Amino acid sequence: MDEAFLEKVIAAVEAHIDDPAFETDDLARQSGYGRRQLNRKLRALTGQSVREFIRTIRLKRAAQLLQQRSGTVTEIAYQVGFNSIAHFAKIFRQEFGVAPSEFSGSSS
C-alpha cells in the first residue's frame, strides 16, 4: 500500500514537474489526501515534508536530464519547475555537491 501511495504521488509530481506553482495543496488534491494527512504520511515514509519531497523529485529529474545532456542548465531548470536559475543552482549544489554545469560535464 505504501509503495502504491508513493507511486501515485510521484506520478502526480512528475505530471506537473514543469509547473513552478505546483505545491503542497495541489499534490494533496491530486493524491486524494488532506494537506496534513499527506504531510504526515510522506514524512513517515520518506523523512521529508511535502515541499521537500516535490523539490527532491524535481532535482532528481534535473539530474537525469543533465546526464542525458537534454538541454542547457537554464532550460532544464525551467523544465523541472524552477523560476530562478540561481535558486536552482543553489539547491542542486546542496543536493548533489556540485553545480549543475559541473554535474552535466562530469557525467559521460
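The exercises below, each with a worked solution, deal with a predicted model of a protein.

**Exercise 1. Describe the secondary structure and the overall dimensions of the protein.**

Step 1. Begin with the elements. The protein has seven helices and zero strands. Read from the N terminus, the order is therefore α-α-α-α-α-α-α.

Step 2. Turn to the dimensions. The C-alpha trace spans about 40 × 20 × 20 Å along the principal axes.

Step 3. Compare the radius of gyration with the value for a compact globule. For 108 residues that value would be near 13 Å, and the protein has 14 Å, which agrees.

Step 4. Look at burial and at contacts. Of the 108 residues, 36% count as buried. Taking contacts between residues at least 6 apart in sequence, 54% join residues at least 24 apart.

**Exercise 2. Find the volume of the largest pocket and describe its lining.**

Step 1. The space in the largest pocket comes to about 190 Å³.

Step 2. List the lining. The residues are P20, F22, E23, R51, I54, R55, R58, G81, F82, N83, H87 and I91.

Step 3. Assign the lining to elements. Two or more residues are given by each of α4 (50-67) and α6 (85-96). The largest share, four residues, belongs to α4.

Step 4. Sort the lining by residue type. Five residues are nonpolar, three are polar and four are charged.

**Exercise 3. Decide whether T24 is buried or exposed, and name its contacts.**

Step 1. Locate the residue. T24 lies in helix α2, which covers residues 24-31.

Step 2. Apply the cut-off. Buried means under 20% relative accessible area. T24 has 11%, so it is buried.

Step 3. Set aside the neighbours within four places in sequence. T24 is then in contact with R35, L38, V50, R51 and I54. Two of these names, R51 and I54, also appear in the lining of the largest pocket.

**Exercise 4. Describe the surroundings of Q48.**

Step 1. Locate the residue. Q48 sits in the loop between α3 (35-46) and α4.

Step 2. List the contacts, again without neighbours within four places in sequence. They are L42, R43, F53 and T56.

Step 3. Look for a polar contact. The side chain of Q48 makes one with the side chain of T56, at 2.7 Å.

**Exercise 5. Classify A44 and Q37 by accessibility, and give a C-alpha distance for each.**

Step 1. Locate both residues. A44 is in helix α3, and Q37 is in helix α3.

Step 2. Apply the cut-offs. A residue is exposed over 50% and partly exposed between 20% and 50%. A44 has a relative accessibility of 68%, so it counts as exposed. Q37 has a relative accessible area of 40%, so it is partly exposed.

Step 3. Give the distances. The C-alpha atoms of A44 and Q94 are separated by 23 Å, with the two positions 50 residues apart along the chain. Q37 and R69 are 32 residues apart in sequence, and their C-alpha atoms are 38 Å apart.

**Exercise 6. Describe the position, backbone and accessibility of R69.**

Step 1. R69 is located in the loop between α4 and α5 (73-79).

Step 2. Check the backbone. R69 has a positive phi of about 55 degrees, although it is not a glycine.

Step 3. Classify the accessibility. With a relative accessible area of 49%, R69 is partly exposed, since exposed means over 50%.

Key
Residues numbered from 1 in each chain as written. Predicted model: local features only at pLDDT ≥ 70, side-chain atom pairs only at ≥ 80, totals over all residues. Heavy atoms only, no water. 1 Å grid on protein atoms, 1.4 Å probe; cavity = no way out; pocket = protein on both sides within 12 Å on 5 of 7 lines; lining within 4 Å. Points joined across faces, edges and corners; volume = space filled by probe spheres on them. Nonpolar A, V, L, I, M, F, W, Y, C, P; charged D, E, K, R; others polar. Polar contact = N/O pair within 3.5 Å; in protein donor to acceptor, adjacent residues only side chain to side chain. Contact = heavy atoms within 4.5 Å. Rg over C-alpha atoms; globule rule 2.2 N^0.38 Å. Buried < 20%, exposed > 50% of the residue type's maximum accessible area, 1.4 Å probe, protein only.
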